[in-house]
Every structure is written in structure tokens, then in C-alpha cells.
Amino acid sequence: MTEQLTIAMPKGRIFEEAAELLRTAGYTLPPEFDDSRKLIIDVAEENFRFILSKPMDVATYVEHGVADLGIAGKDVLLEEERDVYELLDLKISPCYLAVAGLPGTKMNDVAPKVATKYPKVAEAFFREQGEQVEIIKLNGSIELAPLIGLSDRIVDIVSTGRTLKENGLVEFETITPITSRLIVNPVSYRMKDERISAMVNALSKVI
Ligand code: PRP
């Protein structure tokens, strides 16, 4: 019997693409896998245990070793700075982080405000530009902030650009492109080296 691999995956949009990629790489995942509400799913055929979490929490599970592997967006990895290794760029869920706001507006000269789900990334970006900003941490619907006068700018994910467009916002700067990555706990990487390497090889072939 092969040793069990525990894999943390985000619920939501990355999940479907990641499941598809694992199937293409030759792993058997049962059909009910896709629309389950369970938070722990055991796949006996492959001796996998999946932990389904919020995107921002995937790297936390992996860092603490309760998951050997994880699939997480580069946005989350940049923000969370967890002690994990990044093994593979899965090239799924491509998008980018950008600065956006209302068209024709300038940032306030005194204490400009930036709303975001990514306070560390946003702070570092504006610091590098030599701008001191006040970061306002939100947990979602970031595009609301400039519309209701909460902030001058937002730092957020842009995928199709529809959310910005439909809310009358424009992009001012691109920060960095984002895709999902396969991450590993450093101890698991040593202890379960054979299984993990086999997965990296199988996934590499189909990316
Ligand atoms: C993300 C992101 C943007 C939107 C971008 O939000 O924060 O709001 O997707 O996608 P688009 O460019 O294709 O319109 P998400 O749906 O994850 O919800 P959130 O409001 O909870 O962040």
C-alpha cells in the first residue's frame, strides 16, 4: 500500500481546474468529488485525502504539516509568506494583481487610502514606488471601496476584467501575473519523496 497524501485545495474556481488537471495526469477522482459539500474527502483508489479550505488558508495547512501538499494561487503565497516549498507552476486560473480605481482620479496627496484583500503585497508595492499609503483590509467585494468613498485605489485580482468594467473602474498599474502553484510541506517533501516526485512528474507532463 502506498503512503497517504493529504492535499489541501481551495473551494471555488481553482478547485475544478485542479481536479481536471489531476484527472488528466492519470489520477482517479470519483464524480461526486466535484459537487460535494464535504470538507474532507478520502479517495481510497489513490490513497489521497483532500482538505477543502478557503484559498487564503491552503498554505497555512501545508505549513503546519496537516496537509502534505496544497494547491494555492501565487497571490495567496505572496501575501501569506508561509514556510512551504513551491514545487510547480500548474498554470491554472491565470489572472493578475492590479491597482485600480475610478477613471480620471488621482491618489490623495496626504495619506492616500488603498483597499485590498492583500495588505502585505499592496504595502510592498506602494513602498517600492516611494508612496506611503494607508491600507484598508477588506475580505471581498473590494471593488466597492472606491465607489462608496472608502478608498482612492484598490489592489485586487483581475481575471476577465468584468468586475472592474461593470463597476466603472479602470486599471492603473499591473503588479504581477498570478497562476496556481503546487506547494509542499518541507518535512513531507523529505519523508514522502517518492510519491510526491511521482505526482510532480505526472503533472509536469500535462501542464
Ligand atoms: C475576484 C476578485 C475580483 C474578481 C475579478 O473576486 O477579487 O473581484 O474576482 O474577476 P473578473 O476580472 O473576472 O471580473 P472573487 O470572485 O474571488 O470574490 P471576492 O469578492 O470575495 O474577492
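This report describes the domains, sheets, packed helices and pockets of a predicted model.

## Domain arrangement

The domain assignment divides the chain into domain 1, made of residues 5–93 + 179–206, and domain 2, which covers residues 95–177. Taken over C-alpha atoms, the centres of domain 1 and domain 2 are separated by 29 Å. Contact between them involves nine residues of domain 1 and eleven residues of domain 2.

## The six-stranded sheet

Six strands make up an open sheet with mixed pairing, and their order is β2-β3-β1-β4-β11-β5. At its edges stand β2 (40–43) and β5 (85–89), each of which pairs on one side only. On average, and with direction ignored, neighbouring strands of this sheet are turned by 25° against each other. Within the sheet, strand β1 (residues 5–10) and strand β4 (residues 69–73) run parallel and are joined by two bridges; I7 has L69 in β4 as its bridge partner.

Two helices lie across strands of this sheet. Helix α1 lies across β1, β3 (48–53), β4 and β11 (180–184), and runs at about 140° to β1. Helix α8, which spans residues 193–206, lies across β1, β3, β4, β5 and β11, with an angle of about 30° to β5.

## The five-stranded sheet

A further open sheet, again with mixed pairing, is formed by five strands in the order β8-β7-β9-β6-β10. Because β8 (134–137) and β10 (170–178) stand at the edges and each has a single partner strand, one side of each is left without a neighbour in the sheet. The average turn between neighbouring strands of this sheet, direction ignored, is 25°.

Helix α4, residues 119–128, packs on this sheet and touches β6, β7 (113–116), β8, β9 and β10, while the direction of the helix makes about 165° with that of β8. Inside the sheet, strand β6 (residues 95–101) and strand β9 (residues 153–158) run antiparallel and are joined by five bridges. One position in this pairing is Y96, which stands opposite V158 in β9.

## The largest pocket

The largest pocket has a volume of about 920 Å³. Its lining consists of 37 residues, and those that lie nearest the centre of the pocket are R13, D75, K117, Y118 and I157. The elements that contribute two or more residues to this lining are α1 (13–24), α3 (74–80), β6, β9 and α6 (162–166), and the largest share, four residues, comes from β9.

Both parts of the chain take part in this lining, since at least three residues are drawn from each of domain 1 and domain 2. Sorted by class, the lining of the largest pocket holds 16 nonpolar, eleven polar and ten charged residues.

## The second largest pocket

For the second largest pocket the volume is about 170 Å³. The residues that line it are L78, E81, K120, V121, A124, F125, E128 and I175. Helix α4, the helix that packs on the five-stranded sheet, gives the largest share of this lining, with five residues. By class, the lining of the second largest pocket has five nonpolar and three charged residues, and no polar ones.

Terms used: Residues numbered from 1 in each chain as written. Predicted model: local features only at pLDDT ≥ 70, side-chain atom pairs only at ≥ 80, totals over all residues. Heavy atoms only, no water. Pairing = 2+ DSSP bridges. Axes fitted to C-alpha atoms, helices over the stretch in contact; angles between N-to-C directions. Contact = heavy atoms within 4.5 Å. 1 Å grid on protein atoms, 1.4 Å probe; cavity = no way out; pocket = protein on both sides within 12 Å on 5 of 7 lines; lining within 4 Å. Points joined across faces, edges and corners; volume = space filled by probe spheres on them. Nonpolar A, V, L, I, M, F, W, Y, C, P; charged D, E, K, R; others polar. Domains from an automatic or database assignment.
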